[in-house]
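Trainee: I would like a close look at one residue and at what surrounds it, with the cut-offs stated as you go.

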Amino acid sequence: MGEKFHQPVDAAKVPRFAGHATFMRLPAVASAEGLDIALAGIPWDGGTTNRAGARHGPREVRNQSSLMRSTHHVFKTEPFKIANIADVGDLPVNPIDLLDGLKLIEGGVADIVAAGALPLCVGGDHLTTLPVLRAVAGKAPVGLIHFDAHSDTNDTYFGDNPYTHGTPFRRAIEENLLDPRRVVQIGIRGSIYSPDEHDWAKAQGVRIIYMEEFSARGPEAVMAEVRDIVGDAPAYVTFDIDSIDPSMAPGTGTPEIGGFTTREAQDLVRRLDGLNLVGADVVEVAPPFDLAGMTAIAGATILFELMCVMARQVDRRRLR
């Protein structure tokens, strides 16, 4: 079956610094038709409240993803042989009109979903996840596995502005895109605006696993609880690169010390295997603040880990 699927450029034949920059060196295609997984960039940071720059994330993650090879070294998964995957390019965005930008992103992901493919997106700031959820959860609310330093369930910023990268999951719950009883946030830490900042989310049923709890319990126990919370129903995965400690991923808009190591992050994503995923994203890679591309490398690696989990899901369904 795999010989019919798109394949990445062979690094043993074309060096990694040559050729077109696409996610995983896969072909660039015009639409998601015929794909199982559509890799898409969202070069937009219109919701950033402080250090902008995540709009440049998709391009640099594409560049660093040339370091990924074709086989997962732990699971021996060959994602490009068990799922049809390609880079559908960057979704249309509007850098000067926030609401129009959200509509454009939603429309681009809706096209991917309508084609029958799973969206695997690279942002962009974390507000980009809201229009993605509008596209994938239009028929029924989904669960959410959310790796982040921040809960992103605040209400408004700078007066009555409801759309920032600190508010997407509050809006998603209000819009009935998420079932809050099936939302779990892992790695939350850092200073907050007030003692009650997370009270609204907790009152809705969101499970917040702070970094201190994660450190005490470890990935195996934490992810076992995550699986119990999410269950077998459809769920979305969002990975904010600032969940990783800034010593390993400094290129992000809101760094918080005390985060995951890159090895812990890989372990956590691998433990998503077998869940019913409707899509995923990696967000908040901000190249202007990066050092030697290390944050983009981390983002590309997590993207590959998510892709392998999703490819195995596609393969299992095909074999039924």
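Trainee: Does Ile241 count as buried or exposed?

Mentor: This is a predicted model, in which local features need pLDDT of at least 70 and side-chain atom pairs pLDDT 80 or more, while totals for chains, interfaces and linings use all residues. Residues are numbered from 1 along each chain as its sequence is written, and side-chain values use heavy atoms, without hydrogens or water.

Ile241 counts as buried because its relative accessibility is 0% (buried is under 20% relative accessible area, exposed over 50%, partly exposed in between, with a 1.4 Å probe and protein chains only). Ile241 sits in the loop between strand S7 (235–240) and helix H9 (262–270) (DSSP runs numbered from the N terminus, helices being H or I of at least four residues and strands E of at least two). Leaving aside residues up to four places away in sequence, Ile241 touches Ala249, Thr252, Val283, Glu284, Val285, Thr295, Ala298 and Gly299 (contact means heavy atoms within 4.5 Å). Ile302, 61 residues from Ile241 in sequence, has its C-alpha 8.9 Å from that of Ile241.

One of these contacts, Val283, leads into strand S8 (residues 277–283), which runs parallel to S3 and is joined to it by three bridges (strands pair if DSSP finds at least two bridges between them). Within that pairing, Val122 stands opposite Val282 in S8. Strand S1 (residues 37–42) also runs parallel to S3, through six bridges, with Leu120 in S3 as the bridge partner of Leu39. Six of the six residues of S3 (residues 118–123) are buried, so the strand is largely enclosed by the rest of the structure; Leu118, Leu120 and Val122 lie on one side, and Pro119, Cys121 and Gly123 on the other.
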